[in-house]
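Please read these notes with the model open beside you. They are meant for someone new to looking at protein structures.

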Amino acid sequence: MENFEQRHSGERAILVSVSVQQLDDLDAEEFRLLAQSAGAEILEHITVPRNRPDPKFFIGSGKVDEIAEQVQYLEAELVIFDHSLSPAQERNLERILKCRVIDRTGLILDIFALRARTHEGKLQVELAQLKHLSTRLIRGFTGNLEQQKGGIGLRGPGESQLETDRRLIRVRITQLKDKLVKVQQTRLQGRAARQKAAIPTISLVGYTNAGKSTLFNILAKSDVYAADQLFATLDPTLRRLEWDGVGTVVLADTVGFVRNLQHDLVESFKATLEETLEATLLLHVIDASSPNMSEQIEAVETVLKEIGADAPVLHVYNKIDISGDAAKIIYRTAELPERVYVSAHSGQGLELLSEAVQQCLMGQLQHFDLTLKPAYGKLRNQLYTLNVIESERYEENGDLHLTVCIAPHKLEQIIKQAHLPLDEILGNKASIFQRPLEEFETQHSPL
């Protein structure tokens, strides 16, 4: 059997999509973007209509022969299927097409390998790749492993060598899992410290290329890599910042989601998505300019459900500078925002996003007039840290008069934590805090 040398990027590729009905142009465009993100030079995109997958080739044998002719005519080096293939199907296809064949999972893993930058991200990618590779060692193009560049090693051909490779893969998978457990323990320690200090975590989630990293950079004044491409950001990034009106928060940027993301991939990247599971609030960033917006929202919600994320969600419709929508907040109830429309690129609506996040985290904002004695300087500093003070003036007796805009339960919380008298500071408005704090929070805060 002829052997085919494995290459890494820039391959001349033919794309194959299988559809029961006519292929949606948006699905086709996303598939092409995925292939281009992996560095493929697309020669042709073939659509194959079928009622059900063929167990041997996934597509019909006649169509396989047609693709084989195109591979030879166009001198293609790679055929990419926009579907999951079994190891046997990949092997059978490679035997007829006489070139490498990869499926959608293999394609996404290749992109992940290109994007991973941090230690944890590289561990996650290697683990997912080895799990995917472990069932695909005997393949049509790898008659001997001497010619598998970038593989497990260049140790020589033979069936016994394949068994050695399988054993080495199992050992490496165990090592990677142990390393990821240590990374997870480090994350747990940091998360426990934040929870002890009552610091809320806000996680940005969304479909890949929805603008999460651009929004993250603006809010956190950071420089996380952001680009108009699929999976531009793979590694989770956390930043501690002071958000106007809210105070100290931890903002987390996570990997973008995509449709038809295989369960094994979700499992492999669960550690990366832990900040999503433990978040106080999720900002679901949506590309408002995408014609496929509804399907993208559904894809993200499916993954969130699969990983067990149950935090409150605020939908952030991004790219209104392209979609033409106006900057606005839409409320689910009188006090609880459901959507906010913004543009991370132009800055439109970012003040509304801040207002919506304040309300999600702290409840409905109200204005209060406070009177602080000179000895209450610590409370004044806390209010300034939260950036909720609208005006201040000193009375003749030295007392400080403040006007603040803040959620009632948050104001009560910080006054009680300072062990100061509500009546003296709030005057007549102190009566609204006579109920237990827990009861008030239940009625006025979505969290």
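The points below go from the whole chain to strands, cores and single residues.

1. Overall make-up. This is a predicted model. The chain has 447 residues, and 51% of them are buried. It contains 16 helices and 14 strands. Take the contacts between residues at least 6 apart in sequence: 67% of these join residues at least 24 apart.

2. Strand S8. A good place to begin is strand S8, residues 281–287. Seven of its seven residues are buried, so the strand is mostly covered. One side carries Leu281, Leu283, Val285 and Asp287, the other Leu282, His284 and Ile286, and all of these are buried. Both faces of S8 are thus covered.

3. The partners of S8. Strand S5 and S8 run parallel and are joined by five bridges. In this pairing, Val205 stands opposite His284 of S8. S8 is also joined to S9, by six bridges, and these two strands run parallel as well. Here Val285 stands opposite Val316 of S9. Between S8 and S9 the chain passes through helix H10, and this β-α-β crossover is right-handed.

4. Gln296, on the way across. Helix H10 spans residues 293–307 and contains Gln296. Is Gln296 buried or exposed? Its relative accessibility is 12%, and buried means under 20%, so Gln296 counts as buried. Neighbours within four places in sequence aside, Gln296 is in contact with Tyr207, Asp287 and Ser290. Asp287 is one of the buried residues of S8 listed in point 2.

5. Thr201, in S5. Thr201 lies in strand S5. It counts as buried because its relative accessibility is 5%. Thr201 and Glu278 are 77 residues apart along the chain, yet their C-alpha atoms are separated by 7.7 Å.

6. The largest nonpolar core. This core has 29 residues, and the members that touch the most others are Ile202, Leu215, Trp243, Leu314, Val340, Leu353 and Val357. Which elements supply at least two residues each? They are strands S5 (201–206), S6 (237–243), S7 (247–253), S8 (281–287) and S9 (313–318), together with helices H7 (212–220) and H12 (350–362). H12 gives the most, with eight residues. There is also a second, separate core of 21 residues, including Val18, Val71, Ala76 and Cys99.

7. Strand S11 and its neighbours. Strand S11 covers residues 337–341. It is joined to S9 by three bridges, and the two run parallel. S11 is joined to strand S10, residues 329–331, by three bridges too, but S10 and S11 run antiparallel. Within that pairing, Ile329 has Val340 of S11 as its bridge partner. S10 and S11 form a hairpin, with five residues between them. Val340 appears again in point 6, among the residues that touch the most other members of the largest nonpolar core.

8. The aromatic pair. The structure holds one aromatic pair. It is made by Tyr317 and Tyr341, and it is stacked: 4.8 Å centre to centre, with 20 degrees between the planes. Why does it count as stacked? Planes under 30 degrees apart count as stacked, and here the angle is 20 degrees. Tyr317 belongs to strand S9 and Tyr341 to strand S11, 24 residues apart, and the pair therefore links distant parts of the chain. The two residues are also bridge partners.

9. The surroundings of the two rings. Tyr317 has a relative accessibility of 7%, so it counts as buried. Tyr341 is likewise buried, because its relative accessibility is 7%. The charged end of Lys328 sits over the ring of Tyr341, 4.9 Å from its centre. Tyr341 is thus involved in a stacked pair with Tyr317, in a bridge with Tyr317 and in the placement of Lys328 over its ring.

10. His132, in helix H5. His132 is found in helix H5, residues 119–133. Is His132 buried or exposed? Its relative accessible area is 19%, and the limit for buried is under 20%, so His132 is buried. Which residues is His132 in contact with, leaving aside its neighbours within four places in sequence? They are Glu90, Asp103, Thr105, Gly106 and Leu109.

Methods. Residues are numbered from 1 along each chain as its sequence is written. This is a predicted model: local features need pLDDT of at least 70, side-chain atom pairs count only at pLDDT 80 or more; totals for chains, interfaces and linings use all residues. Side-chain values use heavy atoms; hydrogens and water are left out. Helices (H or I, at least four residues) and strands (E, at least two) are DSSP runs, numbered from the N terminus. Buried means under 20% relative accessible area, exposed over 50%, partly exposed in between (1.4 Å probe, protein chains only). Contact means heavy atoms within 4.5 Å. A nonpolar core is a set of buried Ala, Val, Leu, Ile, Met, Phe, Trp, Tyr and Cys residues joined through side-chain atoms within 4.5 Å. Rings of Phe, Tyr and Trp (its six-membered ring) pair if their centres lie within 6.5 Å; planes under 30 degrees apart count as stacked, over 60 as edge-to-face and the rest as tilted. A charge sits over a ring if NZ of Lys or CZ of Arg is within 6 Å of the ring centre and within 35 degrees of the ring normal. Two strands pair if DSSP finds at least two bridges between them. A crossover is right-handed if, with the strands pointing away from the viewer, the path from the first strand over the helix to the second runs clockwise.
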